[in-house]
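This report introduces selected features of a structure to a reader who has not met it before. Please consult the sequence and the model while reading.

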Amino acid sequence: MAQETQPAGQICGESAEIERYSRQVLFRGIGEEGQRKLAAARVAIVGCGATGSALAGLLARAGVGTLRIIDRDYVEPSNLQRQSLFDEKDAAESLPKAIAAARKIAHFNSQIAVEPKVDDLVPANIQGLLEGIQLILDGTDNFETRYLINDYAVDRSLPWIYSAAVGSYAVTLNILPGQTACLACIFPDSPRGMVETCETLGILNSAVNLVASVAATEALKLLVSAPTSGAKAQSHEEHPLAALKHCATQNQLRRTLLSFDVWTNEHAEISAAQPRVGCRACGQRDFVHLAGEGRPHITLCGRNSVQIHERQRPIDFAEMDRRLQPHGVVRHNDFVLKFWHDPYEMTLFPDGRAIIKGTTDTAVARSLYARFVGS
Ligand SMILES: [Zn+2]
């Protein structure tokens, strides 16, 4: 009877929505109320490479109402092996990944809102980029940004999910500030020296999809545990984790650092159920990354080049030369290593300092450094 008073288009729209999510609503852990919560949810995905693509694709299809996709990079042909939201046309056009992702998602779920942000997440813009978000998902490729997210999330009591994959190895951790360990509890310091990246060690798309599937499922559990509406939703924004403590679904959330290698089948779980006593971030609340103190200085260095004053990162030139060989022309002597990766030329010093020619964009230079030297 109510249908008679509604325009036909709205009936079609509503029934199409019910049909779209019908198999997910049947799943007991979601249900109709869970689906409504997903529709009201606001999630940020920081970094939209392989992991970010898979996370965004899964959550968009699941009906998460607002996805904010933040990425500083553009699509290249070498992305297509694993970055599931992009195609050959995106690479040919060098489309920003956030834009390409939003366009692709609109083709399979036009009912949700995707907010693409073509930007490098840094201390100066993190508050604006993550405004109004209730859950942050990690699709980044570097620890620098992850520590920044961790500081921000711990400071604001926002949940976030760390995810990473390189080679055939993948690892993920749920961070519920005030309840579980945070990233700095588990990894007090950024890995230094030789850190393998996807560009030097390669990556299997299956490792990416596995870690994204685990993280996306944890995200669904968190989102369906959220309070419903009105005043409760308001208080949820102020204390996003408070309501979770009494929610049954929250008991299903994993409280371990989970890692697995899809090639060797090795896997491990380390308890992350408790914060580490004395942790810089969640214990002492000393948010050095949020304050920008932990970041390397990046300066424009003459015409069409950028200098990265990296933290102390001793470079073994012989080893670096071997790793970089498949990706361009490499030469080194005792003092500098030169690496040509068209259209860029990187000059690397033994202490980790680098000069990158071919760009005046510090985000591009930072991205190159993270990809080829380490994050
Ligand atoms: Zn901590």
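Two strands are said to pair if DSSP finds at least two bridges between them. The model described here is predicted.

**Strand E4 and its partners**

By that criterion, strand E4 pairs with strand E5 (residues 160–166) through two bridges, and the two run parallel. Strand E1 (residues 42–46) is also parallel to E4, and four bridges join them. One residue facing across each pairing can be named: Ala-44 stands opposite Ile-136 in E4, and Leu-137 has Ile-161 in E5 as its bridge partner.

In a regular strand, side chains alternate between the two faces of the sheet. Strand E4 (residues 135–138) is covered on both faces, with Leu-135 and Leu-137 buried on one side and Ile-136 and Asp-138 buried on the other. Together with helix H8 (residues 143–156), strands E4 and E5 form a right-handed β-α-β unit.

**Helix H4**

Helix H4 (residues 50–62) comprises 13 residues and spans 18 Å from its first C-alpha to its last, close to the 18 Å expected at 1.5 Å a residue. Eleven of these 13 residues are buried, so H4 is largely enclosed by the rest of the structure. Among the buried residues are Ala-50, Leu-55, Leu-59 and Ala-62. Gly-63 follows the helix and has a positive phi, near 95°.

**The zinc site**

Which residues bind the zinc ion as protein donors? They are Cys-182, Cys-185, Cys-279 and Cys-282, each through SG, at 2.2 to 2.3 Å from the ion. The angles subtended by the four donor atoms are 97 to 121°, which makes the arrangement tetrahedral. Along the chain, the donors follow the spacing C-x2-C-x93-C-x2-C. Cys-185, in helix H9 (residues 183–186), and Cys-279, in the loop between strand E8 (267–271) and strand E9 (297–300), are 94 residues apart, and this pair links distant parts of the chain. Both Cys-185 and Cys-279 are buried.

**Asn-174**

Asn-174 belongs to strand E6 (residues 169–175). Its relative accessible area is 2%, under the 20% limit, and the residue therefore counts as buried. The side chain of Asn-174 has the polar neighbours listed below.

| Partner of the Asn-174 side chain | Part of the partner | Distance |
|---|---|---|
| Glu-218 | side chain | 2.7 Å |
| Arg-254 | backbone oxygen | 3.0 Å |

Asn-174 is thus a buried residue whose side chain makes a polar contact with that of Glu-218.

Conventions. Residues are numbered from 1 along each chain as its sequence is written. This is a predicted model: local features need pLDDT of at least 70, side-chain atom pairs count only at pLDDT 80 or more; totals for chains, interfaces and linings use all residues. Side-chain values use heavy atoms; hydrogens and water are left out. Donors are N, O and S atoms within 2.8 Å of the metal (3.2 Å for Na, K and Ca); water is not among the atoms, so sites may look incomplete. Four donors count as tetrahedral if all angles lie between 85 and 135 degrees; four count as square planar and six as octahedral if opposite donors are over 155 degrees apart and all others between 65 and 115; anything else is irregular. Buried means under 20% relative accessible area, exposed over 50%, partly exposed in between (1.4 Å probe, protein chains only). The expected span of a helix is 1.5 Å times one less than its number of residues. A crossover is right-handed if, with the strands pointing away from the viewer, the path from the first strand over the helix to the second runs clockwise. A polar contact is a pair of N or O atoms within 3.5 Å; within protein, one must be able to donate a hydrogen and the other to accept it, and residues adjacent in sequence count only if both atoms are side-chain atoms.
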